[in-house]
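Colleague: Before I rely on the labels attached to this model, I would like to hear how each one is justified. Could you take me through the values and the rules behind them?

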Amino acid sequence: MKQAIRALSIAILILWVLTIVFSVTAVYSVMNLGIGFEEAQFFSSNEDVVLSLPFFINNRGYYDISELNVTTHVTNYNGTLLALSETFVPLVASGSNVETAHNISIDLNDLFTGYTEFLFNDSSFELDAFISLNFAYAIPVQMSINMTIPWGAPFSNLSIGEISVLPYNSTHSKVVIPLSFENHSYFDVVGTIQLEVYNDIDKLVTSGQTDLDVPSYHGYVGQVEMYLSTGDLSKLTESGRIHLVFESPMFTAEQWITYG
């Protein structure tokens with residue numbers, strides 16, 4: 001009986017020692033676990049903008065990391081959800097380093113249709129990242145990171161100049177509308193832009209279009225020319241509205257601008 005009690009005591013002592021050793025080494029390993037994000041980058045893919053968030057996991061501890069999950073929520077300034085994305089890394093072995101990227105896709109048509117501030121005004125995204133993992137296949141660990149991602153508008157400072165009417169031929173006049181903007185986005189603005197002129201009773205008077213090819217972080221100063229029969233010149237009033245429509249393989253956007 002005494003031998004059984006003695007053996008049980010030794011087993012309990014060994015278990016306590018192992019528990020203490022595991023706890024100490026686990027705490028040390030967690031403290032030496034490196035997880036970090038690098039600078040976010042934008043790139044385009046079909047009709048989507050992809051926000052790529054490179055990150056690394058440096059496991060300098062004694063135990064493996066399993067079931068690493070990175071979940072991100074991208075919202076606008078008022079907290080409206082724009083995109084949700086997940087990245088899963090099944091295993092980061094002890095002593096190893098993993099570098100990968102968490103990619104978040106945002107549909108440009110949906111973005112610009114619902115939130116025109118991203119089309120015409122520089123803004124930002126709010127990104128909340130939630131990280132969960134299993135440490136040593138036994139200890140769940142969770143953490144969160146918040147960051148702000150700046151966004152440059154493709155049609156920043158869009159401006160329509162004064163409408164000019166010039167003689168063209170015996171039956172028609174040329175209507176010229178100056179147009180300018182700054183492309184603050186990461187992508188080139190390539191496509192066609194159409195202007196439709198509506199008078200003060202909201203009747204379509206004339207329209208015209210021009211091609212755009214504005215590199216990223218460059219400005220555009222040009223004009224759109226259209227034609228109007230001489231007999232219809234009176235329909236072009238001193239005030240009205242201009243309907244701007246931009247079409248490209250990436251997205252379609254529109255805006256109403258008052259003139260006069």
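Colleague: What makes glutamate 225 and lysine 174 a salt bridge?

Modeller: This is a predicted model, in which local features need pLDDT of at least 70 and side-chain atom pairs count only at pLDDT 80 or more, while totals for chains, interfaces and linings use all residues. Residues are numbered from 1 along each chain as its sequence is written, and side-chain values use heavy atoms, with hydrogens and water left out. A salt bridge requires a side-chain nitrogen of Lys or Arg within 4 Å of a carboxyl oxygen of Asp or Glu; the closest N and O atoms of glutamate 225 and lysine 174 are 3.8 Å apart, so the pair qualifies. The pair links distant parts of the chain, with glutamate 225 in strand β14 and lysine 174 in strand β11, 51 residues apart (strands are DSSP runs of E, at least two residues, numbered from the N terminus).

Colleague: Why is glutamate 225 called partly exposed?

Modeller: Buried means under 20% relative accessible area, exposed means over 50%, and partly exposed lies in between, with a 1.4 Å probe and protein chains only. Glutamate 225 has 33% relative accessibility, and therefore counts as partly exposed.

Colleague: How do you know that arginine 241 forms a salt bridge with aspartate 202?

Modeller: Their closest N and O atoms are 3.3 Å apart, so the salt-bridge rule is met. Here arginine 241 lies in strand β15 and aspartate 202 in the loop between β12 and β13, 39 residues apart. Arginine 241 is partly exposed because its relative accessible area is 30%, and aspartate 202 is partly exposed because its value is 41%.

Colleague: What lies over the face of tryptophan 256?

Modeller: Arginine 241 does, at 3.9 Å from the ring centre; the rule asks for NZ of Lys or CZ of Arg within 6 Å of the ring centre and within 35 degrees of the ring normal.

Colleague: Why is proline 249 called exposed?

Modeller: Its relative accessibility is 71%, so proline 249 counts as exposed. Proline 249 lies in the loop between β15 and β16 and, leaving aside neighbours within four places in sequence, is in contact (heavy atoms within 4.5 Å) with Glu47 and Val190.

Colleague: What makes aspartate 232 and lysine 235 a salt bridge?

Modeller: The closest N and O atoms of aspartate 232 and lysine 235 are 3.5 Å apart, and therefore this pair also satisfies the rule. By that rule the count comes to 3 salt bridges.
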